[in-house]
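Trainee: Please take a close look at the empty space in this structure, and at the ligand in relation to it.

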Amino acid sequence: MARPIQAQVDLQALKNNLNVVRRAAPESRVWSVIKANAYGHGLHRVWSALSDSDGLAMLNIEEAILVRENGWQGPILMLEGFFCADDLPLFSKYRLTTVVHNNLQIKALQNAYLPIPLDVYVKINSGMNRLGFHPDNIYNIWKKLRSLKNVGEMTLMSHFANADKANGITSSMARIDQASKGLDCPRSFSNSAAILWHPEAHYDWVRPGIILYGASPTGKWQDIANTGLKPVMTLRSEIIAVQTLKEGDSVGYGSRYRATKKQRIGIVAAGYADGYPRHANTGTPIWVDGVRTRTLGTVSMDMLAVDLDSVPHAVIGSPVELWGKEIKIDEVAFAVGTIGYELMCALAPRVPVITV
Ligand SMILES: *Cc1c(COP(=O)(O)O)cnc(C)c1O
């Protein structure tokens with residue numbers, strides 16, 4: 001018998017979530033963002049469930065080649081463009097749309113010999129201050145790129161720093177509008193948060209990531225509870241031991257949980273080497289055989305402890321959900337001070353994954 005931990009990836013939920021995006025942004029085309037191994041879900045496993053997308057967006061050339069060679073014919077957007085000029089022939093060969101965000105990329109495009117021009121997303125820095133050209137320079141950069149024989153269709157793109165807040169895109173949109181006066185071009189600005197909460201920023205192409213996987217851009221499940229989004233990843237395991245603690249007994253490394261009365265606890269086959277966060281303290285929500293309960297003490301590499309006070313029927317072999325449909329990944333993330341993005345991306349390679 002294999003160790004009982006397993007991740008399930010629900011492709012129907014993924015398709016449902018793409019439909020939620022369609023309804024939220026009915027006038028826009030959709031780049032489904034599948035970077036970071038499809039947010040930890042396994043690119044090879046999920047991309048074809050997203051084949052109703054208008055395009056697929058990612059970071060690594062390996063990811064792009066994988067979907068192309070497996071039959072994806074539509075557009076592919078490389079969200080940070082090419083990292084070195086040597087990759088340009090591959091971009092051309094695989095018909096990849098490239099973001100251009102710095103002067104080195106412009107120079108490389110100017111000097112390359114390419115059989116067919118590349119479509120380009122020109123990135124404007126709207127306040128995030130990671131990538132993109134300063135708004136004051138956009139007009140000249142646009143003209144320059146437009147004049148290059150290696151440049152095909154051009155789109156203006158930006159990425160918001162605060163789209164999860166009510167007035168979070170106002171100053172960014174003002175910068176973009178000011179910089180792009182007189183440019184008649186397609187536009188793409190919206191990540192998941194802007195798709196849900198800033199319809200005025202949808203324009204021609206939206207770029208959903210986290211909401212496709214059924215978690216919240218804010219890190220709080222309540223914020224998306226009424227959107228119809230469904231969790232795609234479920235991380236399950238089982239109880240592999242049951243202990244009865246006396247008052248004063250402790251569990252786990254450092255004895256960080258101590259029983260204040262006689263107490264039954266369960267040991268679950270899941271630990272930080274599976275991607276469950278080690279800094280989950282006592283009280284992190286977890287589901288055991290139909291009951292929402294809590295973790296106890298320090299998470300180990302391969303195991304963690306749970307409170308069975310409220311689960312008297314739990315025995316060795318009882319099912320456990322670490323996150324998924326019962327316990328939202330956002331709830332676990334919130335309890336450990338992070339966001340669902342980080343937990344799903346950190347699912348460890350040793351965890352067997354099945355699609356349902
Ligand atoms: C990751 C990414 C997205 C998707 O962001 P979510 O918050 O997951 O929707 C969109 N655009 C760019 C440029 C990105 O890097």
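**Cavities, pockets and the ligand**

Mentor: Searching the whole structure yields two cavities of 30 Å³ or more. The model is a predicted one, in which local features need pLDDT of at least 70 and side-chain atom pairs count only at pLDDT 80 or more, whereas totals for chains, interfaces and linings use all residues. Residues are numbered from 1 along each chain as its sequence is written, and side-chain values use heavy atoms, with hydrogens and water left out.

Some terms come first. On a 1 Å grid over the protein atoms alone, a cavity is a set of points where a 1.4 Å probe fits but cannot get out; a pocket is an open set with protein on both sides within 12 Å along at least five of seven lines; and a lining residue has an atom within 4 Å of a point. Grid points are joined across faces, edges and corners, and a volume is the space filled by probe spheres set on them.

The largest cavity holds about 60 Å³ of space. Its lining consists of H41, Y213, G214, P231, V232, M233, W323, G324, K328, I329 and M344. In terms of class, seven of these are nonpolar, three polar and one charged (Ala, Val, Leu, Ile, Met, Phe, Trp, Tyr, Cys and Pro count as nonpolar, Asp, Glu, Lys and Arg as charged, and the others, Gly among them, as polar). The second largest cavity, with a volume of about 40 Å³, is lined by K123, I124, N125, S126, M128, R130, L131 and H159.

Turning to the open spaces, the largest pocket contains about 610 Å³. It is lined by 26 residues, of which K35, M128, R130, H159 and N191 are the closest to its centre. M128, R130 and H159 also belong to the lining of the second largest cavity. At least two lining residues of the largest pocket come from each of α2 (35–39) and α9 (192–197); helices (H or I, at least four residues) and strands (E, at least two) are DSSP runs, numbered from the N terminus. By class, this lining comprises 15 nonpolar, five polar and six charged residues.

The ligand sits in the largest pocket, in the sense that more than half of its atoms lie within 2 Å of the pocket's grid points. Around it are V33, K35, Y39, L79, H159, N191, S192, R207, P208, G209, I210 and Y341, each with a heavy atom within 4 Å of the ligand. Three of these residues make polar contacts, that is, pairs of N or O atoms within 3.5 Å. A polar side-chain atom of K35 is 2.6 Å from a ligand oxygen, a side-chain N or O atom of Y341 is 2.6 Å from a ligand oxygen, and a side-chain N or O atom of H159 is 3.4 Å from a ligand nitrogen. The protein buries 92% of the 390 Å² that the ligand exposes when taken alone (Shrake-Rupley method, 1.4 Å probe).

The second largest pocket contains about 300 Å³ of space. Among its 19 lining residues, W31, P75, T97, D119 and E153 are the closest to its centre. Two or more lining residues come from each of β2 (29–33), β5 (96–100), β6 (118–123) and β7 (151–157), and β6 gives the largest share, four residues.

Notes. A polar contact is a pair of N or O atoms within 3.5 Å; within protein, one must be able to donate a hydrogen and the other to accept it, and residues adjacent in sequence count only if both atoms are side-chain atoms.
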